[in-house]
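User: I would like to learn how to read a structure feature by feature, starting with helices and ending with cavities and unusual backbone angles. Could you take me through one?

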Amino acid sequence: MVTASPEGPGVGSAAAPPATVDVADVMREIQGNILRAYGRQYVAVRHLVLRIGDARAARRGLAALIDGDRGTPDVTTGERPPRELNFRWCLNIGFTYRGLGAIGVPESSLGTFPAEFRLGMVARAGRLGDVGDSAPQNWIEGFADDRNVHVIVTIHGCSLADIERVSGQVLGIEGGSAWSPVVAEPLDGEAMIDPATNQRLVHFGYADGISQPRFLGVHDPEEINDPLPFAPLGTILLGHTSSLPHVTWTVPDPSVLGRNGTFNAFRVLAQDVDGFEDFLAEQQRQYGADPEETAAKLCGRWRRSGVPLSLAPTAADAAAFNDPGRLNDFDYVDNDPDGEVCPIGAHIRRANPRGAHIVQRGSNRTRALIRRGIPYGPPFDPELPGSRETPRGLLGNFLCANLAAQFESMQYDWINLGLQDPRITGSNDPLIGANDPAFSRFTWPQSGAPPRTLRGLPRFVTTRGGAYTFLPSIPALRWIAACGAAMG
(Lines give C-alpha, C1' and ligand atoms only; values in the text may rest on other atoms or scores of the structure.)
Protein backbone atom coordinates (compact mmCIF):
# COMPACT_ATOMS: atom_id res chain seq x y z
CA MET A 1 0.00 0.00 0.00
CA VAL A 2 1.39 3.41 -0.94
CA THR A 3 0.88 6.14 1.64
CA ALA A 4 -0.21 9.52 0.30
CA SER A 5 2.54 12.12 0.31
CA PRO A 6 1.51 15.78 0.64
CA GLU A 7 5.14 16.90 0.93
CA GLY A 8 6.52 15.07 -2.08
CA PRO A 9 8.94 12.12 -2.02
CA GLY A 10 9.77 10.90 1.43
CA VAL A 11 6.53 11.10 3.38
CA GLY A 12 5.40 7.59 2.63
CA SER A 13 6.43 4.55 0.68
CA ALA A 14 5.35 1.10 -0.32
CA ALA A 15 8.86 -0.23 0.24
CA ALA A 16 8.66 -3.18 2.61
CA PRO A 17 11.45 -3.57 5.17
CA PRO A 18 13.17 -6.91 5.63
CA ALA A 19 11.27 -9.38 7.79
CA THR A 20 14.19 -9.52 10.22
CA VAL A 21 16.94 -7.01 10.84
CA ASP A 22 20.47 -7.90 11.90
CA VAL A 23 21.26 -4.95 14.15
CA ALA A 24 24.97 -5.82 14.13
CA ASP A 25 25.02 -5.48 10.34
CA VAL A 26 23.20 -2.17 10.58
CA MET A 27 25.69 -0.83 13.12
CA ARG A 28 28.58 -1.80 10.83
CA GLU A 29 27.03 0.16 7.98
CA ILE A 30 25.88 3.37 9.65
CA GLN A 31 28.00 6.29 10.73
CA GLY A 32 28.77 6.65 14.40
CA ASN A 33 27.01 8.95 16.87
CA ILE A 34 23.61 8.13 15.38
CA LEU A 35 21.96 5.24 17.22
CA ARG A 36 24.65 5.22 19.90
CA ALA A 37 26.41 8.34 21.20
CA TYR A 38 30.17 8.57 21.12
CA GLY A 39 30.37 9.07 24.88
CA ARG A 40 31.54 11.54 27.49
CA GLN A 41 35.22 11.20 26.63
CA TYR A 42 34.71 13.24 23.46
CA VAL A 43 34.34 16.65 25.05
CA ALA A 44 35.31 18.83 22.09
CA VAL A 45 33.75 19.23 18.65
CA ARG A 46 34.40 21.14 15.44
CA HIS A 47 32.03 21.44 12.50
CA LEU A 48 33.67 22.20 9.15
CA VAL A 49 31.14 23.75 6.75
CA LEU A 50 32.56 23.21 3.28
CA ARG A 51 32.00 24.00 -0.37
CA ILE A 52 33.05 21.38 -2.90
CA GLY A 53 35.65 22.65 -5.35
CA ASP A 54 36.74 20.05 -7.89
CA ALA A 55 34.20 17.17 -7.96
CA ARG A 56 36.75 14.54 -8.92
CA ALA A 57 39.08 15.65 -6.12
CA ALA A 58 36.12 15.61 -3.71
CA ARG A 59 35.25 12.05 -4.69
CA ARG A 60 38.85 10.98 -4.20
CA GLY A 61 38.86 12.79 -0.87
CA LEU A 62 35.67 11.01 0.18
CA ALA A 63 37.23 7.66 -0.78
CA ALA A 64 40.18 8.50 1.46
CA LEU A 65 37.80 9.19 4.33
CA ILE A 66 36.36 5.68 4.15
CA ASP A 67 39.47 3.63 3.42
CA GLY A 68 39.74 2.35 7.01
CA ASP A 69 43.14 3.93 7.63
CA ARG A 70 43.02 5.56 11.07
CA GLY A 71 46.38 7.18 10.41
CA THR A 72 44.46 9.70 8.29
CA PRO A 73 40.95 11.13 8.80
CA ASP A 74 38.39 8.36 8.52
CA VAL A 75 34.61 8.27 8.97
CA THR A 76 33.68 6.54 12.23
CA THR A 77 31.17 3.72 12.03
CA GLY A 78 28.53 2.73 14.56
CA GLU A 79 29.95 -0.77 15.03
CA ARG A 80 31.66 -0.37 18.40
CA PRO A 81 31.84 2.48 20.90
CA PRO A 82 34.99 4.41 19.87
CA ARG A 83 36.13 4.64 23.48
CA GLU A 84 36.48 0.84 23.54
CA LEU A 85 38.92 1.14 20.64
CA ASN A 86 40.88 3.96 22.31
CA PHE A 87 40.06 6.40 19.50
CA ARG A 88 41.13 9.96 20.29
CA TRP A 89 38.80 11.41 17.66
CA CYS A 90 35.68 10.49 15.69
CA LEU A 91 34.45 11.86 12.37
CA ASN A 92 31.11 12.19 10.59
CA ILE A 93 30.25 13.55 7.16
CA GLY A 94 26.94 14.89 5.91
CA PHE A 95 25.91 16.29 2.52
CA THR A 96 23.33 18.90 1.69
CA TYR A 97 21.16 18.38 -1.39
CA ARG A 98 23.36 20.78 -3.33
CA GLY A 99 26.43 19.01 -1.99
CA LEU A 100 25.27 15.66 -3.32
CA GLY A 101 24.80 17.26 -6.72
CA ALA A 102 28.17 19.01 -6.57
CA ILE A 103 30.05 15.79 -5.85
CA GLY A 104 28.43 13.99 -8.76
CA VAL A 105 25.29 12.17 -7.59
CA PRO A 106 23.14 11.97 -10.75
CA GLU A 107 19.90 13.91 -11.15
CA SER A 108 17.92 10.67 -11.34
CA SER A 109 18.92 9.98 -7.74
CA LEU A 110 18.74 13.56 -6.46
CA GLY A 111 15.11 13.80 -7.48
CA THR A 112 14.17 10.92 -5.20
CA PHE A 113 15.08 12.79 -2.01
CA PRO A 114 12.25 14.39 0.02
CA ALA A 115 11.12 17.88 -0.93
CA GLU A 116 12.06 19.52 2.37
CA PHE A 117 15.64 18.22 2.09
CA ARG A 118 15.92 19.42 -1.49
CA LEU A 119 14.61 22.87 -0.55
CA GLY A 120 16.96 23.17 2.44
CA MET A 121 16.75 24.87 5.83
CA VAL A 122 16.88 28.43 4.50
CA ALA A 123 13.76 27.91 2.39
CA ARG A 124 11.98 26.26 5.33
CA ALA A 125 12.88 29.00 7.83
CA GLY A 126 9.33 30.20 8.40
CA ARG A 127 8.16 26.71 9.28
CA LEU A 128 10.97 26.40 11.82
CA GLY A 129 10.32 29.72 13.56
CA ASP A 130 13.49 31.22 12.08
CA VAL A 131 12.04 34.71 11.80
CA GLY A 132 13.09 38.14 13.07
CA ASP A 133 16.58 37.97 14.57
CA SER A 134 16.63 34.24 13.72
CA ALA A 135 15.89 34.80 10.02
CA PRO A 136 18.53 33.51 7.57
CA GLN A 137 19.59 37.03 6.54
CA ASN A 138 20.90 37.44 10.09
CA TRP A 139 22.80 34.16 10.18
CA ILE A 140 26.56 33.72 10.32
CA GLU A 141 28.05 34.71 7.00
CA GLY A 142 28.18 31.68 4.72
CA PHE A 143 25.04 29.93 5.95
CA ALA A 144 22.41 32.26 4.48
CA ASP A 145 23.51 31.60 0.88
CA ASP A 146 23.05 27.86 1.04
CA ARG A 147 24.04 27.37 -2.60
CA ASN A 148 27.62 27.10 -1.32
CA VAL A 149 26.94 24.90 1.72
CA HIS A 150 27.74 21.42 0.44
CA VAL A 151 29.36 19.34 3.17
CA ILE A 152 29.54 19.39 6.95
CA VAL A 153 32.37 17.38 8.45
CA THR A 154 32.02 16.96 12.20
CA ILE A 155 35.02 15.99 14.32
CA HIS A 156 34.64 14.96 17.96
CA GLY A 157 37.80 14.72 20.02
CA CYS A 158 39.06 14.00 23.49
CA SER A 159 40.76 17.39 23.35
CA LEU A 160 40.96 20.44 21.11
CA ALA A 161 44.45 19.33 20.04
CA ASP A 162 43.00 16.11 18.58
CA ILE A 163 40.49 18.14 16.61
CA GLU A 164 43.03 20.65 15.35
CA ARG A 165 45.20 17.94 13.85
CA VAL A 166 42.37 16.05 12.15
CA SER A 167 40.59 19.14 10.83
CA GLY A 168 43.83 20.34 9.25
CA GLN A 169 44.18 16.99 7.49
CA VAL A 170 40.57 17.10 6.25
CA LEU A 171 41.04 20.57 4.78
CA GLY A 172 44.32 19.52 3.18
CA ILE A 173 42.87 16.52 1.31
CA GLU A 174 43.82 16.58 -2.40
CA GLY A 175 45.98 19.62 -1.75
CA GLY A 176 42.95 21.63 -0.68
CA SER A 177 41.20 21.26 -4.06
CA ALA A 178 38.43 18.95 -2.81
CA TRP A 179 36.63 21.46 -0.61
CA SER A 180 37.10 24.72 1.26
CA PRO A 181 35.41 26.42 4.25
CA VAL A 182 32.44 28.70 3.60
CA VAL A 183 31.94 29.78 7.22
CA ALA A 184 34.77 31.99 8.42
CA GLU A 185 34.40 31.63 12.18
CA PRO A 186 35.25 28.27 13.79
CA LEU A 187 32.23 26.26 14.85
CA ASP A 188 33.90 24.76 17.90
CA GLY A 189 32.22 23.48 21.02
CA GLU A 190 33.25 21.98 24.33
CA ALA A 191 31.15 19.95 26.73
CA MET A 192 30.20 21.47 30.07
CA ILE A 193 30.29 18.80 32.79
CA ASP A 194 28.85 19.49 36.23
CA PRO A 195 31.40 17.98 38.66
CA ALA A 196 28.73 17.53 41.33
CA THR A 197 26.36 15.44 39.20
CA ASN A 198 28.57 14.35 36.27
CA GLN A 199 25.76 15.57 34.01
CA ARG A 200 26.37 17.36 30.73
CA LEU A 201 24.94 20.87 30.95
CA VAL A 202 23.77 23.51 28.52
CA HIS A 203 24.47 27.18 29.22
CA PHE A 204 21.08 27.72 30.84
CA GLY A 205 22.18 25.27 33.54
CA TYR A 206 19.96 22.35 32.57
CA ALA A 207 21.25 18.80 32.28
CA ASP A 208 21.31 17.71 28.64
CA GLY A 209 20.90 14.49 26.71
CA ILE A 210 18.82 12.72 29.34
CA SER A 211 15.86 11.57 27.27
CA GLN A 212 16.66 9.90 23.95
CA PRO A 213 14.95 7.17 21.89
CA ARG A 214 16.18 3.67 22.69
CA PHE A 215 16.52 0.84 20.19
CA LEU A 216 16.35 -2.91 20.72
CA GLY A 217 19.67 -4.58 20.05
CA VAL A 218 21.47 -1.27 20.58
CA HIS A 219 20.56 -0.27 24.14
CA ASP A 220 20.31 -2.38 27.25
CA PRO A 221 16.66 -2.65 28.42
CA GLU A 222 17.87 -2.88 32.02
CA GLU A 223 20.09 0.19 31.86
CA ILE A 224 17.44 2.90 32.27
CA ASN A 225 13.91 2.79 33.62
CA ASP A 226 11.58 4.38 31.09
CA PRO A 227 7.91 3.54 30.49
CA LEU A 228 8.19 4.53 26.82
CA PRO A 229 8.59 1.59 24.42
CA PHE A 230 11.74 1.02 22.43
CA ALA A 231 11.70 2.84 19.09
CA PRO A 232 11.93 1.00 15.75
CA LEU A 233 15.10 1.60 13.74
CA GLY A 234 13.02 3.38 11.09
CA THR A 235 12.53 6.26 13.53
CA ILE A 236 16.01 7.36 12.52
CA LEU A 237 17.23 5.15 9.66
CA LEU A 238 15.82 4.87 6.15
CA GLY A 239 14.75 1.46 4.91
CA HIS A 240 13.22 0.24 8.18
CA THR A 241 9.72 0.32 9.63
CA SER A 242 9.01 3.69 11.20
CA SER A 243 7.11 4.60 14.36
CA LEU A 244 4.03 5.15 12.18
CA PRO A 245 2.17 1.85 11.75
CA HIS A 246 2.83 0.17 8.41
CA VAL A 247 4.87 3.12 7.10
CA THR A 248 8.42 3.00 5.82
CA TRP A 249 9.85 6.30 4.62
CA THR A 250 10.86 6.49 0.99
CA VAL A 251 14.44 5.37 0.42
CA PRO A 252 16.28 7.50 -2.16
CA ASP A 253 17.26 5.64 -5.29
CA PRO A 254 19.31 3.51 -5.64
CA SER A 255 18.76 1.62 -2.42
CA VAL A 256 22.49 1.56 -1.62
CA LEU A 257 22.44 5.37 -1.51
CA GLY A 258 19.50 5.75 0.84
CA ARG A 259 19.29 2.67 3.00
CA ASN A 260 20.59 3.08 6.57
CA GLY A 261 21.11 6.79 6.00
CA THR A 262 19.61 9.49 8.19
CA PHE A 263 18.77 13.17 7.91
CA ASN A 264 20.26 15.80 10.19
CA ALA A 265 19.03 19.28 11.03
CA PHE A 266 22.28 20.99 12.00
CA ARG A 267 21.63 24.15 14.03
CA VAL A 268 23.82 26.87 15.52
CA LEU A 269 21.65 28.12 18.39
CA ALA A 270 22.69 31.20 20.37
CA GLN A 271 21.49 31.16 23.98
CA ASP A 272 20.75 34.40 25.82
CA VAL A 273 21.86 33.19 29.23
CA ASP A 274 22.09 36.60 30.88
CA GLY A 275 18.60 37.43 29.59
CA PHE A 276 17.32 34.16 31.02
CA GLU A 277 18.84 34.81 34.43
CA ASP A 278 17.47 38.37 34.37
CA PHE A 279 14.01 37.02 33.58
CA LEU A 280 14.14 34.58 36.51
CA ALA A 281 15.30 37.38 38.81
CA GLU A 282 12.51 39.67 37.62
CA GLN A 283 9.89 37.02 38.41
CA GLN A 284 11.31 36.84 41.90
CA ARG A 285 11.23 40.62 42.32
CA GLN A 286 7.66 40.96 41.08
CA TYR A 287 5.99 37.86 42.43
CA GLY A 288 8.36 36.32 44.97
CA ALA A 289 8.83 33.29 42.70
CA ASP A 290 11.88 31.20 43.53
CA PRO A 291 14.18 31.35 40.44
CA GLU A 292 14.96 27.64 40.54
CA GLU A 293 11.29 26.71 40.77
CA THR A 294 10.47 29.00 37.83
CA ALA A 295 13.33 27.49 35.81
CA ALA A 296 12.06 23.98 36.62
CA LYS A 297 8.51 24.87 35.56
CA LEU A 298 9.72 26.34 32.26
CA CYS A 299 11.67 23.18 31.43
CA GLY A 300 9.91 20.37 33.30
CA ARG A 301 13.15 19.34 35.02
CA TRP A 302 15.22 20.85 37.80
CA ARG A 303 18.40 22.53 36.69
CA ARG A 304 21.72 20.69 36.86
CA SER A 305 20.36 17.44 38.29
CA GLY A 306 17.84 16.83 35.50
CA VAL A 307 15.35 15.41 38.01
CA PRO A 308 11.86 15.71 36.48
CA LEU A 309 9.11 17.64 38.23
CA SER A 310 6.93 14.58 37.77
CA LEU A 311 9.09 12.66 40.24
CA ALA A 312 10.15 15.61 42.41
CA PRO A 313 7.56 18.42 42.53
CA THR A 314 9.52 20.52 45.03
CA ALA A 315 13.13 21.57 45.40
CA ALA A 316 13.37 19.49 48.56
CA ASP A 317 12.12 16.45 46.64
CA ALA A 318 14.72 17.07 43.95
CA ALA A 319 17.52 17.41 46.49
CA ALA A 320 16.52 14.08 48.06
CA PHE A 321 16.27 12.26 44.72
CA ASN A 322 19.21 9.86 44.36
CA ASP A 323 18.28 7.42 41.60
CA PRO A 324 19.71 8.66 38.27
CA GLY A 325 18.48 5.51 36.54
CA ARG A 326 14.92 6.77 37.01
CA LEU A 327 15.26 10.21 35.41
CA ASN A 328 12.90 9.08 32.64
CA ASP A 329 10.68 6.82 34.73
CA PHE A 330 7.51 8.93 34.55
CA ASP A 331 4.47 9.75 32.45
CA TYR A 332 1.74 12.39 32.43
CA VAL A 333 -1.39 10.49 31.47
CA ASP A 334 -2.45 9.26 34.92
CA ASN A 335 -0.75 11.39 37.53
CA ASP A 336 -0.63 14.89 35.99
CA PRO A 337 -3.18 15.31 33.18
CA ASP A 338 -3.76 19.01 33.88
CA GLY A 339 -0.14 20.03 34.36
CA GLU A 340 -0.30 20.96 38.04
CA VAL A 341 3.10 19.36 38.58
CA CYS A 342 4.74 19.64 35.15
CA PRO A 343 3.02 22.40 33.15
CA ILE A 344 1.56 21.30 29.83
CA GLY A 345 3.55 24.05 28.12
CA ALA A 346 6.89 23.08 29.72
CA HIS A 347 9.71 22.41 27.29
CA ILE A 348 10.12 18.66 27.87
CA ARG A 349 6.35 18.08 27.83
CA ARG A 350 5.95 19.91 24.52
CA ALA A 351 8.83 18.08 22.88
CA ASN A 352 7.84 14.68 24.30
CA PRO A 353 4.20 14.37 25.43
CA ARG A 354 4.88 10.77 26.45
CA GLY A 355 1.53 9.07 27.09
CA ALA A 356 -0.49 12.25 27.65
CA HIS A 357 -3.78 12.74 25.82
CA ILE A 358 -3.08 15.21 23.02
CA VAL A 359 -5.16 16.62 20.16
CA GLN A 360 -3.01 14.98 17.49
CA ARG A 361 -3.77 11.51 18.74
CA GLY A 362 -1.31 8.84 17.78
CA SER A 363 1.54 11.28 17.18
CA ASN A 364 2.94 11.22 20.74
CA ARG A 365 5.91 9.09 19.73
CA THR A 366 6.06 9.56 15.96
CA ARG A 367 8.17 12.73 16.15
CA ALA A 368 10.99 11.26 18.19
CA LEU A 369 14.40 12.70 17.37
CA ILE A 370 17.94 11.85 18.38
CA ARG A 371 19.63 14.95 19.75
CA ARG A 372 23.38 15.35 19.70
CA GLY A 373 24.83 18.67 20.76
CA ILE A 374 27.72 20.39 22.51
CA PRO A 375 27.75 23.97 23.83
CA TYR A 376 29.94 26.66 22.33
CA GLY A 377 31.35 29.67 24.15
CA PRO A 378 32.49 29.99 27.78
CA PRO A 379 30.12 29.55 30.74
CA PHE A 380 28.23 32.69 31.72
CA ASP A 381 29.77 34.58 34.64
CA PRO A 382 27.93 37.79 35.60
CA GLU A 383 30.98 38.94 37.58
CA LEU A 384 33.33 38.67 34.62
CA PRO A 385 33.61 41.83 32.48
CA GLY A 386 32.35 41.20 28.96
CA SER A 387 30.68 37.90 29.81
CA ARG A 388 27.23 39.18 28.87
CA GLU A 389 28.38 40.09 25.37
CA THR A 390 30.33 36.87 24.73
CA PRO A 391 28.61 34.58 22.19
CA ARG A 392 27.51 31.25 23.60
CA GLY A 393 24.98 28.61 22.70
CA LEU A 394 24.58 25.11 21.32
CA LEU A 395 25.90 23.35 18.23
CA GLY A 396 23.01 20.96 17.76
CA ASN A 397 22.28 17.97 15.53
CA PHE A 398 18.71 16.67 15.31
CA LEU A 399 18.62 13.28 13.60
CA CYS A 400 15.55 11.66 12.07
CA ALA A 401 14.29 9.62 9.14
CA ASN A 402 11.98 12.34 7.86
CA LEU A 403 12.63 16.04 8.38
CA ALA A 404 9.08 17.17 7.58
CA ALA A 405 7.21 14.63 9.68
CA GLN A 406 9.57 14.69 12.64
CA PHE A 407 11.86 17.71 13.06
CA GLU A 408 9.75 20.30 11.25
CA SER A 409 6.45 19.09 12.68
CA MET A 410 7.84 19.18 16.19
CA GLN A 411 9.21 22.68 15.68
CA TYR A 412 6.05 24.00 14.02
CA ASP A 413 3.18 22.15 15.69
CA TRP A 414 4.50 21.57 19.19
CA ILE A 415 7.30 24.03 19.93
CA ASN A 416 5.90 27.14 18.28
CA LEU A 417 2.13 26.60 18.10
CA GLY A 418 1.28 24.29 20.97
CA LEU A 419 -1.18 22.30 18.88
CA GLN A 420 -0.99 19.25 21.13
CA ASP A 421 -3.33 20.78 23.72
CA PRO A 422 -5.90 23.62 23.43
CA ARG A 423 -4.74 25.02 26.75
CA ILE A 424 -1.37 26.00 25.27
CA THR A 425 -2.34 26.51 21.62
CA GLY A 426 -1.12 29.88 20.43
CA SER A 427 1.83 29.97 22.81
CA ASN A 428 5.45 29.06 22.19
CA ASP A 429 7.89 26.87 24.03
CA PRO A 430 9.13 29.09 26.91
CA LEU A 431 12.78 28.11 26.46
CA ILE A 432 13.41 27.54 22.74
CA GLY A 433 10.31 28.98 21.07
CA ALA A 434 10.07 32.05 18.84
CA ASN A 435 8.73 34.19 21.66
CA ASP A 436 7.75 37.85 21.35
CA PRO A 437 7.51 39.71 24.68
CA ALA A 438 4.40 41.53 23.44
CA PHE A 439 2.41 38.29 23.20
CA SER A 440 4.26 35.50 24.99
CA ARG A 441 2.79 33.73 27.99
CA PHE A 442 3.42 30.67 30.11
CA THR A 443 0.89 29.31 32.60
CA TRP A 444 0.85 26.58 35.17
CA PRO A 445 -2.05 25.56 37.43
CA GLN A 446 -1.58 25.60 41.19
CA SER A 447 -3.50 23.32 43.50
CA GLY A 448 -5.84 25.40 45.67
CA ALA A 449 -4.72 28.67 44.10
CA PRO A 450 -5.27 30.59 40.85
CA PRO A 451 -3.02 29.61 37.94
CA ARG A 452 0.25 31.49 37.68
CA THR A 453 0.86 33.13 34.31
CA LEU A 454 4.19 34.59 33.26
CA ARG A 455 4.06 37.15 30.47
CA GLY A 456 6.61 39.01 28.42
CA LEU A 457 8.97 36.09 27.82
CA PRO A 458 11.70 37.17 25.39
CA ARG A 459 13.30 34.90 22.86
CA PHE A 460 16.05 33.07 24.74
CA VAL A 461 17.34 30.98 21.80
CA THR A 462 18.18 32.53 18.42
CA THR A 463 19.20 30.64 15.30
CA ARG A 464 22.56 31.77 13.91
CA GLY A 465 22.91 29.23 11.13
CA GLY A 466 22.12 25.74 10.00
CA ALA A 467 21.61 23.29 7.18
CA TYR A 468 19.77 20.09 6.34
CA THR A 469 22.23 17.30 5.64
CA PHE A 470 22.02 13.63 4.78
CA LEU A 471 24.37 11.26 6.63
CA PRO A 472 24.85 8.35 4.22
CA SER A 473 25.79 4.84 5.31
CA ILE A 474 29.31 3.57 4.67
CA PRO A 475 28.18 1.61 1.56
CA ALA A 476 26.46 4.78 0.34
CA LEU A 477 29.63 6.81 0.83
CA ARG A 478 31.51 4.25 -1.28
CA TRP A 479 28.82 4.55 -3.96
CA ILE A 480 29.05 8.35 -3.94
CA ALA A 481 32.84 8.23 -4.15
CA ALA A 482 32.51 6.02 -7.23
CA CYS A 483 29.80 8.12 -8.91
CA GLY A 484 32.19 9.77 -11.32
CA ALA A 485 33.45 6.46 -12.71
CA ALA A 486 30.23 5.94 -14.66
CA MET A 487 30.01 9.60 -15.65
CA GLY A 488 33.50 9.90 -17.07
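What follows is a dialogue about a predicted model, taken one feature at a time.

User: Which residues of helix α7 are buried, and what do they pack against?

Analyst: The general idea comes first: an α-helix has 3.6 residues a turn, so residues three or four places apart point the same way. In α7 the buried residues are Asp-162, Ile-163, Val-166, Ser-167 and Val-170. They cover an arc of only 115° around the axis, which puts them on the same side of α7. These buried residues pack against the strands β1 (44–52), β2 (89–95), β3 (151–157) and β4 (179–181).

User: What span should α7 have, judged from its twelve residues?

Analyst: Helix α7 runs over residues 160–171, and at 1.5 Å a residue it should span 16 Å; the C-alpha atoms at its ends are 16 Å apart, so the expected span and the model agree.

User: How many residues of helix α10 are buried, and what covers them?

Analyst: Helix α10, residues 291–299, is mostly covered, with seven of its nine residues buried. Those residues are Pro-291, Thr-294, Ala-295, Ala-296, Lys-297, Leu-298 and Cys-299. What covers them includes α9 (273–287), α12 (347–351), β11 (441–446) and β12 (449–455).

User: What should I look for at the ends of a helix?

Analyst: Two things to check are side chains that reach back to the backbone and the backbone angles just beyond the helix. At the start of α10, a side-chain oxygen of Asp-290 comes within 3.1 Å of the backbone nitrogen of Glu-292, and just after this helix Gly-300 has a positive phi of about 100°. In helix α2 (residues 55–65), the N-terminal end is capped by Asp-54, with a side-chain oxygen 3.1 Å from the backbone nitrogen of Arg-56. The buried residues of α2 include Ala-57, Ala-58, Gly-61 and Leu-65.

User: Is Leu-454 in β12 buried or exposed, and which residues are in contact with it?

Analyst: Leu-454 lies in strand β12, and it counts as buried because its relative accessibility is 2%. Leaving aside neighbours within four places in sequence, its contacts are Phe-279, Gln-283, Thr-294, Leu-298, Ser-440, Arg-441, Phe-442 and Trp-444. Thr-294 and Leu-298 are also among the buried residues of α10.

User: How should I read a buried polar side chain?

Analyst: A useful habit is to ask which polar atoms lie within reach of the side chain. His-47 lies in strand β1 and, at 4% relative accessibility, counts as buried. Its side chain makes a polar contact of 2.9 Å with the side chain of Thr-154. Gln-31, in the loop between α1 (23–29) and β1, is buried as well, with a relative accessible area of 1%. The side chain of Gln-31 is joined to that of Asn-92 by a polar contact of 3.4 Å, and it reaches the backbone oxygen of Ile-93 at 2.9 Å.

User: How many cavities of 30 Å³ or more does the structure hold, and what lines the largest cavity?

Analyst: There are four cavities of 30 Å³ or more, and the largest cavity has a volume of about 170 Å³. Of the 17 residues that line it, Asn-92, Thr-154, Asn-264, Asn-397 and Leu-471 lie nearest its centre. Here the earlier residues return, since Thr-154 is the polar partner of His-47 and Asn-92 that of Gln-31. At least two lining residues come from each of β2, β3, β8, β10 (393–400) and β13.

User: What is the volume of the second largest pocket, and which residues are closest to its centre?

Analyst: The second largest pocket has a volume of about 300 Å³. Among its 19 lining residues, the closest to the centre are Ala-270, Gln-271, Asp-272, Phe-460 and Thr-462. The elements that give two or more residues to this lining are β8 (262–271), α9 and β13 (461–471).

User: Which backbone angles deserve a second look?

Analyst: Two kinds can be checked here, a positive phi outside glycine and a cis peptide bond. Glu-174, in the loop between α7 and β4, has a positive phi near 55° and is partly exposed, at 34% relative accessible area. Asn-198, in the loop between β6 (192–193) and β7, has a positive phi of about 65° and, at 45% relative accessibility, counts as partly exposed. The peptide bond from Asp-253 to Pro-254 is cis, with omega near 0°, and Pro-254 sits in the loop between β7 (200–201) and α8 (255–258).

Key
Residues numbered from 1 in each chain as written. Predicted model: local features only at pLDDT ≥ 70, side-chain atom pairs only at ≥ 80, totals over all residues. Heavy atoms only, no water. Buried < 20%, exposed > 50% of the residue type's maximum accessible area, 1.4 Å probe, protein only. Helix = DSSP H or I, 4+ residues; strand = E, 2+ residues; numbered from the N terminus. Contact = heavy atoms within 4.5 Å. Polar contact = N/O pair within 3.5 Å; in protein donor to acceptor, adjacent residues only side chain to side chain. Expected span 1.5 Å × (residues − 1). Arc of directions from axis to C-beta. 1 Å grid on protein atoms, 1.4 Å probe; cavity = no way out; pocket = protein on both sides within 12 Å on 5 of 7 lines; lining within 4 Å. Points joined across faces, edges and corners; volume = space filled by probe spheres on them.
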